[in-house]
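Let's take a walk through this structure together. Have your viewer ready, and we will go from one stop to the next.

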Amino acid sequence: MAMSERKLVAWQGAGLIDAATAERIRAWEAERSHPLGLWAVVGIAALAIGLGLVSVVAANWDAVPGIVRLALHFALLAVAAALLWLKGPVLAQNRPWLHEAAQFVFALLGLTFFGHLGQVYQTSSPLWQLVLMWLMLFGPLLASRGLGTLTAATLVVALVFTAWNYAVWLDRFSESEGNALLSVHMAAATAAPVLLVPLGTWMSQRSDRQAFWRRLGQFALVYGVGGASLLAIACAVDEFDRLDGGVLTAAGLATQAVVGLVAGLLVALVRPTPAGRATGSILAGAGVVAILAYPLSGSSLAGGLLFMALWAGIAVASLLAGWRWMFQLAVGLVAVRLIVLSFELASDLLASGAGLIASGFLILGIVWLALRVARRFAPEKGAGS
Amino acid sequence: MSRPAWRVLALVAWPLLGLAGLWGWTELRSREGTEWLVPVSGYDPRDLLRGHYVQFQYDWPGVGSGRLESDGIGELCLHGRAPKIDSVTPAPTGAERTPECTNYARADDLGNYVPTGLLRGRVYVSQDEGRKLEKQLADPRLQAMVRVRLRPDGHLTPLALSFRPRPAEAATGE
C-alpha cells in the first residue's frame, strides 16, 4: 500500500495522472487489497496449533494404540473433507489461493494416511502402488476442483513419480535382462505423463478453470522438454549400447519418440492456433530427439548438436507463437551448450595462456551474439498467448 | 441441495470411502494366517535404526542365512506347531499348500536375483522404542525373537520383537 501511495503521489506530481484518476486507483486498490497481515497471523496461529497437536501425539506415540492414532488421522481427514464440501465453493470464488491450499492439505493428509496404515499394520508395498491408489482417490477432486498452480503441480509430480517408481520397480523385478519388451514397457510408462499436454490444452478451452488446465499442460511440457534435454546431454556422455537395458535402448527410445510425436500431433489438432502448433512442434521435436539420441550417443559433437537443435527448434517455435521469455531462455541454453561444446572439443584450450585468452574471447563472443539475438528478435512482451 | 453441492460432496467423500475401505481390508488381511516366533539377530549393527524401523536378520532353525543367500532361496517350509518352529527346510518352487509343506513361507520379493524377504525383515517402531530394541539386539545374553504372521498364501509379516535370556553356554560361546 505504502509503495503504491508513494508512486501515486509521484505520478500525480509529474502530471502523468490527474487527481481523479489517483483517487479511483486508490479506491480500486483498497477494495482489492487482501488483509495479508491478518491472514498471516491467523495462519501462524493455525500452524502452531497443528504442530502442537502433532508433537503431543508424536511424544506419546507408543502410549497411543495404533487404531486410535489411525482414527485420529481419519477424523482429521473427515473434518478437512467437510470443510471443503461446505466452505469450498464460496472459498473458491473469493479466495482461490486458500482453496488451493486447503485441497493440497487434504490430499497430503490422505497421502500420509497410507504411510500410517503401513506403520500400524507393519505392511509394505512398492511406492508406485500407494501413489497410484492415492491418485485414484484424490485425483478426481484435484482435477475437477483444482484452480491453479498448486493442484496442477501436485498432480503432475505425483504422476511423474508413479511412472518412474513403476519403471524402476519393473526393472528390478524382471528376471530377464536386456529384454526389448521390458524396455518398451518402461519407456511407455515414463513417457506417458507427456500426454497431459494435449489433455491440458484440450480442457483449457472447455473448462471454466482455464488457469488450472493450462498449468497442468505447461508442467507436463516442462517434463517432456526436460527429459529430452537430459537425453541429449546423456547421449554426449556415453554410448547407450553399452548401458544394459533400462529405457535407453533402441526400442525404449523409439517408444518415447512415438509418445512425443503423438502428443505433439494431438496438441496441434485440438488447438489449431500459432501457440497450439508451436507447443505441438516442441513436443514432436522432443520425440525426434529421443529417437536420434540412440544412434548419435557416444559422440560429444553429435550430442551437443542434438541439444542445440532441440532448443533452436524451441526458439523458432517461440518466435512463431510469440513467447518472449521462452525464446530468450532457448537462445541462452543454446549459447551455454555451445560454450560447453567448445571446451569438450578442444580440451587443451585451458592448458596454455593463449588458449585461455582464446576461450575467454570465444565465451564473450557467444554471449554477445546470444544477447543480441535474444534482444533483437524476441517477440514483444505480451505478444503471445 | 443443489447439483454442484452434490458433486463436491461426492468428490470429497470418494477419497474418504477409499481410505476407509483400504483400512478395513488391511485390518482383515492382518487377521489371516498363523503367528510364529522366529529367532533373529541384529542386522548391520552400525545402522540398526534407520528412522522409524529396526532391521534384523532371520536365523531360521536348520537353514543358515548364508545358505539362503548363496542359493538364492526365497521359499521355505516351517515345521512345528504355531507359534513354535521345530525346523525349517527349503521349499521346492511352487510347493505352496502341498501336504508336505503346510506352512509355506515365501519372500515378498521372490523373483529377484537374490530374494531377501526371508533373509531380513523390519518392524516399524517409534524412535524411543527403536533405541531400546537396538540395545537389546546387541546384548549377547539375550535371544531376540520376532513374532511373524504367516498368511496361507505364504506372505510373511513381521509384527513385533521380543527377547528372552539365552542359555548360559550359548552366551559364553559368542
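What covers the buried residues of helix 14 of chain A? The cover includes helix 13 (300-321) and helix 15 (353-377) of chain A. Before going on, a word on conventions: this is a predicted model, in which local features need pLDDT of at least 70 and side-chain atom pairs count only at pLDDT 80 or more, while totals for chains, interfaces and linings use all residues. Residues are numbered from 1 along each chain as its sequence is written, and chains are lettered from A and ligands numbered from 1 in the order in which they are written.

Helices here are DSSP runs (H or I, at least four residues), as are strands (E, at least two), numbered from the N terminus. The buried residues of helix 14 of chain A are Met326(A), Phe327(A), Gln328(A), Ala330(A), Val331(A), Val334(A), Ala335(A) and Arg337(A). A residue is buried if 20 or more other C-beta atoms, placed from the backbone, lie within 10 Å of its own. With 22 residues (324-345) at 1.5 Å a residue, helix 14 of chain A should span 32 Å, and its end C-alpha atoms are indeed 32 Å apart. The expected span is 1.5 Å times one less than the number of residues.

Helix 11 of chain A (residues 250-270) also agrees with its expected span: 30 Å for its 21 residues. Its buried residues include Gly252(A), Leu253(A), Val259(A) and Val267(A). Helices 8 (180-191), 9 (196-204), 10 (210-237) and 12 (274-296) of chain A are among what covers the buried residues of helix 11.

Now for the meeting of the two chains. In all, 25 residues of chain A are in contact with 25 residues of chain B, contact being C-beta atoms, placed from the backbone, within 7 Å. Helix 4 of chain A supplies the largest share of chain A's side, 8 residues.

Zoom in on helix 5 (residues 96-121) of chain A and helix 1 (residues 3-31) of chain B, which pack at about 10 degrees with axes 11 Å apart. Axes are lines fitted to C-alpha atoms over the stretch in contact, with angles from 0 to 180 degrees between N-to-C directions. The two helices are therefore roughly parallel, a label for angles under 35 degrees. Among the residues in this contact are Phe113(A) and Leu117(A) from helix 5, and Leu19(B) and Trp23(B) from helix 1.

How confident is the predictor? The model scores ipTM 0.76 and pTM 0.79. Chain B averages a pLDDT of 80, on a confidence scale from 0 to 100 for each residue.

Key
Parallel < 35°, antiparallel > 145°, perpendicular 65-115°, else oblique. Contact = placed C-beta atoms within 7 Å. pLDDT = per-residue confidence, 0-100. Buried ≥ 20, exposed ≤ 12 C-beta atoms within 10 Å, placed from the backbone.
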